[in-house]
Amino acid sequence: MRKGILSLMAVGVLATGGLTACGDDKAADPGTGSNTKKAKIGVILPDSKSSARWETADRKYLEQAFKTAGVDYDIQNAQNDKAAFQTIAEQMITGGVNVLMIVNLDSGTGKAVLDKAKAAGVATIDYDRLTLGGSAAYYVSFDNVAVGKLQGEGLVKCLTDAKASKPIIAELNGSQTDNNATLFKQGYDGVLKAKYDSAEYVKGPDQWVAEWDNTTAGTVFEQMLTSTPNIAGVLAANDGLGNAAINILKKQKLNGKVPVTGQDATVQGLQNILNGDQCMTVYKAVKQEADAAAKLAIGLAKGEKGATSQKVTDPEGKREVDAVLLTPKSITKDNVKDVIDDGYVTVAELCTGDFAAKCAAAGIK
Ligand code: BGC
């Protein structure tokens, strides 16, 4: 009876284009040792506005990995809607996924979803963002404190190159409900605090940007620049926040004079770097992240425990989580080419219009 309802639901999902069909449901359950059950992996991405990466990179690379492995998958985007996030998760669970991978919108709703999955016998993975107090079997991400450290060091290098004297630094942090934003800040504040303490730099306005919202970031930065007109460096936590600050700096003709950081090596961020308006970005090879997560997910679906060599501590749940933490890379005008060579962004995407000449000057063909 229960199986009948589940199959009907699965048909419903298939009819709406949800799951990719190639599975054979007659096989045994995972964990029985027979390992014949086809994996069905559900992935929930957070939104498509806080960073271009989720739709242009994560979805693409996860899809590639699942297709190559020949497993069923269903990748959906919650579009920054917490209620939708929960609904998608419930549909995936009733639709028969045996692994659920999430990028939480905050730890509270993330935890609710992970707990529901667990109760239904679905294995879980925290992808990119750790759910504090959560119960995921694995966490796959980058070393996020290292990301922040690269941002801090990048800003210091740009200010040193510009021979800035006692620069006032503004900090545009990510969303306070994203544990990554906390880790990024830990990384860059570690670098900047030494400069503040030695009075080489002056600490200026420092604010979180709710939900990483780019429009909010523009408003916040405009207020910062009004209250502190001589801001001389901007630590922006990702390319979208950085671009919001650059747009405000442009109004005062300060773009290119005040270095701004970023993260994600988005086309927009790389173009801002080629223009000289952005000092650096952090490239995270999302393909490596997607491949690592897909591999663990497929193992879990088959009832296997994958091998991970790292662990992170969830300070809220007070537990050690098996993790894969990849290494980020700093990108400036000098090595934008590396992002292209890695296949993350194409020449056709980056070198449009006026950027053709700038690409050529940066050695990108
Ligand atoms: C990710 C960043 C991204 C940000 C906004 C963070 O959790 O690690 O890559 O820019 O969320 O989506």
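**Exercise 1.** Work out how Asp178 meets the ligand, then find which other side chains make polar contacts with ligand oxygens.

*Solution.* Start with Asp178: a polar atom of its side chain lies 2.6 Å from an oxygen atom of the ligand. That fits a polar contact, meaning a pair of N or O atoms within 3.5 Å. Next, take Ser50, where a polar side-chain atom is also 2.6 Å from a ligand oxygen. Then add Asn180, with an N or O atom of its side chain 2.9 Å from an oxygen of the ligand. As for cover, the protein hides 100% of the 310 Å² of accessible area the ligand has on its own (Shrake-Rupley method, 1.4 Å probe).

A word on the model: it's predicted, so local features need pLDDT of at least 70 and side-chain atom pairs pLDDT 80 or more, while totals for chains, interfaces and linings use all residues. Residues are numbered from 1 along each chain as its sequence is written, and side-chain values use heavy atoms, with hydrogens and water left out.

**Exercise 2.** Describe the shell around the ligand.

*Solution.* First, count: 14 residues surround the ligand, with Ser50, Asp128, Arg129, Asp178 and Asp264 the closest (a heavy atom within 4 Å). Sort them next: 3 are nonpolar, 5 polar and 6 charged. Finally, α2 (53-69) and α6 (179-197) each give at least two shell residues.

**Exercise 3.** Find the disulfide partner of Cys158 and place both ends.

*Solution.* The count is 2 disulfides (cysteine sulfur atoms within 2.5 Å). Cys158 pairs with Cys279, S to S 2.2 Å. Cys158 is in helix α5 (residues 144-161) and Cys279 in the loop between α9 (267-275) and β9 (281-283), 121 residues apart. The link is right-handed, with 95° about the S-S bond.

Notes
A polar contact is a pair of N or O atoms within 3.5 Å; within protein, one must be able to donate a hydrogen and the other to accept it, and residues adjacent in sequence count only if both atoms are side-chain atoms. Helices (H or I, at least four residues) and strands (E, at least two) are DSSP runs, numbered from the N terminus. Ala, Val, Leu, Ile, Met, Phe, Trp, Tyr, Cys and Pro count as nonpolar, Asp, Glu, Lys and Arg as charged, and the others, Gly among them, as polar.
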